[in-house]
Amino acid sequence: MGYLEPAPLLDTENPFEAMMTRFREASQILGLEEEVYNVLKSPAKQVIVSLPITMDDGTIKVFEGYRVIHSTILGPSKGGIRFDPHVSLDEVKALAAWMTWKCAVVDIPYGGAKGGVTCNPRQMSAGEIERLVRSYTTSMIDIFGPDKDIPAPDMGTGPREMAWLMDEYSRTQGMTVNAVVTGKPTVLGGSLGRTEATGRGVMVSALAAMEKLKINPYNATCAVQGFGNVGSWASLLLAERGLKVVSVSDISGAYYNENGIEIDKAVKYRDANKGSLEGFTGAGKISGDELLVLPVDVLVPAAKEDVITHHNAAKIQAKLIVEGANGPTSSKADKIIFEKGISVVPDILANAGGVTVSYFEWVQNRLGYKWTADRVNRRSDRIMKDAFTNVYKTSVEYKVSMRIAAYMVAIDKVAKTYKYRGGY
Ligand code: NAD
């Protein structure tokens, strides 16, 4: 059986290719056989559907929809549905693989999947979106299922779309099947604690890492890029645990206050200001690029992919980076950051609190029972802490970054399960 050659250094900053570079590097350190690597690399199933929709003006428009099941080795596949003009099969394939590693690293019994429709929901009416969701669901009726493949929201979709998906799926089955999808409104079986789950996981993994680095949260400063769902909850919960959040940012720019920003005030301001921090007076304004290189203890990129690159990595002064966003750091930047001795809690671990509470939603739906927010939080905190400990131990044992260690933990789990289950 052949073994993997060292990972080629890709001259690219594309976050998905960067993910594949790390997957290969981790596989090589693990001594994974090339044949198993090839099994894990290739998506199990790729479905492309054509969705003709009658628009409000009476015309018929055809949309293309995708669902890629990367792996069902650990259990039913799990992953969001993206509605965006840039959705392509290649992107969906990469995101599906990402879900496999994320679920494996936090040890929840799911494989990875992702779906998408190439469309611009911002230019569509609610009725047009509803018809698109229902048509997509019907086309995927043989793919979806609470024991087979469980979708969730992603960019451009939310609880409203998940409610339509659940309803359409349930009609075809002749009964209510709420466990077929997560991210539903709470009245339809959505879980308490889901809204803050990702930011909460960022906080839990940040505190666990700070303990290892001997950073006292009460003396620590923090900067958070992005003030949407993940960034604002992470800011709020980190501030609650004693950190001084000196800078936050959104698309309107970055805000800095050396005495610490009052996060609850910033959240109220944003909510009353159409979701934007523009004009917030609780801090002075700096540039988004400056936020990333502030002399803080903890940096939380929680906006978008590819913001820490080989162009700015050398200037980063934080001791710890906790990746709330997916793919915020390029693979070239990884090397620079590792050599500088900065610790990174990688995305597939740091932001896995969201998929963990989605798993709890599915568990509650299958039990026909509802957990309190307290129970959800306690259980997700424990999963995040255990996953952190496991990844940290691996990074110390193999003398690798926590990113490579997280991939090693995930790949090892999926590969071992694959070998036990066997193939043809
Ligand atoms: P969101 O749309 O709620 O918020 C995004 C925030 O980033 C907004 O405040 C926006 O203004 C800001 N932003 C965009 N471009 C920026 C820029 N150039 N500089 C500074 N700020 C900028 O999105 P979200 O749900 O918070 O997701 C953020 C990231 O976390 C994404 O990478 C997403 O994939 C990832 N993620 C989210 C979840 C979840 O549960 N929401 C789970 C896992 C990963």
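This report describes the main pocket and a five-stranded sheet in a predicted model.

## Basis of the model

Because the model is predicted, local features need pLDDT of at least 70 and side-chain atom pairs count only at pLDDT 80 or more, while totals for chains, interfaces and linings use all residues. Residues are numbered from 1 along each chain as its sequence is written, and side-chain values use heavy atoms, with hydrogens and water left out.

## The largest pocket

The largest pocket has a volume of about 1400 Å³, a volume being the space filled by probe spheres set on grid points joined across faces, edges and corners. A pocket here is an open set of points on a 1 Å grid over the protein atoms alone, where a 1.4 Å probe fits, with protein on both sides within 12 Å along at least five of seven lines; lining residues have an atom within 4 Å of a point.

Of the 47 lining residues, Arg82, Asp154, Met155, Val230 and Asn326 lie nearest the centre. Domain 1 (43-176) and domain 2 (197-350) both contribute to this lining, so the largest pocket lies between them; the domain bounds come from an automatic or database assignment.

## The sheet

Five strands (DSSP runs of E, at least two residues, numbered from the N terminus) form an open sheet in the order β1-β2-β4-β3-β5, with mixed pairing; two strands pair if DSSP finds at least two bridges between them. β1 (45-54) and β5 stand at the edges with a single partner strand each, so one side of each has no neighbour in the sheet.

Within the sheet, β3 is joined by six bridges to β4 (residues 111-118), and the two run parallel. Serine 77 is placed opposite glycine 111 of β4.

Technical notes
Helix = DSSP H or I, 4+ residues; strand = E, 2+ residues; numbered from the N terminus.
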